[in-house]
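I sat down with this one today and kept notes as I went. The entries follow the order in which I looked things up.

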Amino acid sequence: MPLIVKESIEHGIDPFITLSVIHVESSWRPQAVSGSGACGLMQVVPRMNPTRSGRVYTCQELMDPYLNIRVGVSALKKWIKIAKGDVPLGLCAYNAGYRCFKHPRYEYLSKVAKRYDFLVNTATAVGGEI
């Protein structure tokens with residue numbers, strides 16, 4: 001949890017969004033692999049998120065929760081920037097790429113929004129105002 005909060009804040013992402021993405025993408029399974037080759041907690045696609053030197057991460061590397069969260073939050077920030085700050089559009093693009101700019105995936109956005117609302121409401125009920 002501290003890494004999720006740290007990486008999210010450093011990249012200007014609401015930590016509850018990161019938590020929601022992890023829940024929707026992998027149901028908190030660090031070994032998750034999708035049919036499209038997305039790996040780990042945040043379902044990072046290796047070929048779409050190379051290292052700074054251009055090397056492509058392996059799926060096995062991306063199953064490390066710490067690396068996956070760092071790469072995933074960075075990718076999410078990139079998509080939100082491409083979407084000119086539109087967080088829902090950036091989230092959609094994180095999940096499905098550029099096609100979201102023409103055809104948003106409302107089902108995915110609805111899942112993330114539902115989890116986000118649950119987390120914020122629970123945190124508020126437990127700890128007061130956020």
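**Entry 1: Lys 84**

Is Lys 84 buried or exposed? I looked this up to get started, keeping in mind that the model is predicted. Lys 84 is exposed, because its relative accessible area of 78% is above the 50% cut-off. I found Lys 84 in the loop between H4 and H5. Its phi is positive, about 55°, although Lys 84 is not a glycine. That made me stop, since most residues other than glycine have a negative phi.

**Entry 2: other positive phi values**

I then went looking for company for Lys 84. Gln 43 is also a residue other than glycine with a positive phi, near 50°. Gln 43 sits in the loop between H2 and H3. With a relative accessible area of 9%, Gln 43 is buried, whereas Lys 84 is exposed. I also noted Gly 12, just after H1, where phi is positive at about 75°.

**Entry 3: the two sides of H1**

Having reached the end of H1, I went back through the helix itself. H1 covers residues 2–10, and I listed Leu 3, Ile 4, Glu 7 and Ser 8 as buried. These four lie on the same side of H1, because they cover an arc of only 125° around the axis. On the other side of H1 I found Pro 2, Ile 9 and Glu 10, which are exposed. What do the buried residues of H1 pack against? They pack against H4 and against helix H2, residues 15–26.

**Entry 4: a partner in H2 and one in H4**

To follow the H2 side, I picked Thr 18, which lies in helix H2. Thr 18 has a relative accessible area of 0%, so I put it down as buried. Which residues does Thr 18 touch, leaving out those up to four places away in sequence? The contacts are Ile 4, Ser 8, Ile 13, Met 42 and Val 73. Ile 4 and Ser 8 are also among the buried residues of H1.

For the H4 side, I chose Tyr 66, which is found in helix H4. The C-alpha atoms of Tyr 66 and Leu 3 are 7.2 Å apart, with their positions 63 residues apart along the chain. Tyr 66 itself counts as exposed, because its relative accessibility is 53%.

**Entry 5: disulfides**

How many disulfides does the structure hold? I found two. Numbered in sequence order, the bonded cysteines pair as 1-2, 3-4.

I took the pair of Cys 39 and Cys 59 to begin with, whose sulfur atoms are 1.9 Å apart. This pair links distant parts of the chain, with Cys 39 in the loop between H2 and H3, Cys 59 in helix H3 (59–62), and 20 residues from one to the other. The torsion about their S-S bond is about -120°, so I noted the disulfide as left-handed. The two ends differ in accessibility: Cys 39 is buried at 0% relative accessible area, while Cys 59 is partly exposed at 23%.

Next came Cys 92 and Cys 100, with sulfur atoms 2.0 Å apart. This link is left-handed too, with -75° about the S-S bond. Here both cysteines are buried.

**Entry 6: the largest pocket**

I finished with the pockets. The largest pocket has a volume of about 430 Å³. I counted 20 residues in its lining, and those nearest the centre are Ser 36, Val 45, Tyr 94, Asn 95 and Ala 96. Helices H4 (65–82) and H5 (87–96) each supply at least two lining residues. Which element gives the largest share? H5 does, with four residues. By class, the lining has ten nonpolar, six polar and four charged residues.

**Entry 7: the second largest pocket**

The second largest pocket holds about 320 Å³ of space. Its lining has 13 residues, with Asn 49, Pro 50, Arg 52, Val 71 and Ser 74 nearest the centre. Here H4 gives the most to the lining, with five residues. I sorted the lining into five nonpolar, four polar and four charged residues.

Technical notes. Residues numbered from 1 in each chain as written. Predicted model: local features only at pLDDT ≥ 70, side-chain atom pairs only at ≥ 80, totals over all residues. Heavy atoms only, no water. 1 Å grid on protein atoms, 1.4 Å probe; cavity = no way out; pocket = protein on both sides within 12 Å on 5 of 7 lines; lining within 4 Å. Points joined across faces, edges and corners; volume = space filled by probe spheres on them. Nonpolar A, V, L, I, M, F, W, Y, C, P; charged D, E, K, R; others polar. Buried < 20%, exposed > 50% of the residue type's maximum accessible area, 1.4 Å probe, protein only. Arc of directions from axis to C-beta. Contact = heavy atoms within 4.5 Å. Disulfide = S-S within 2.5 Å.
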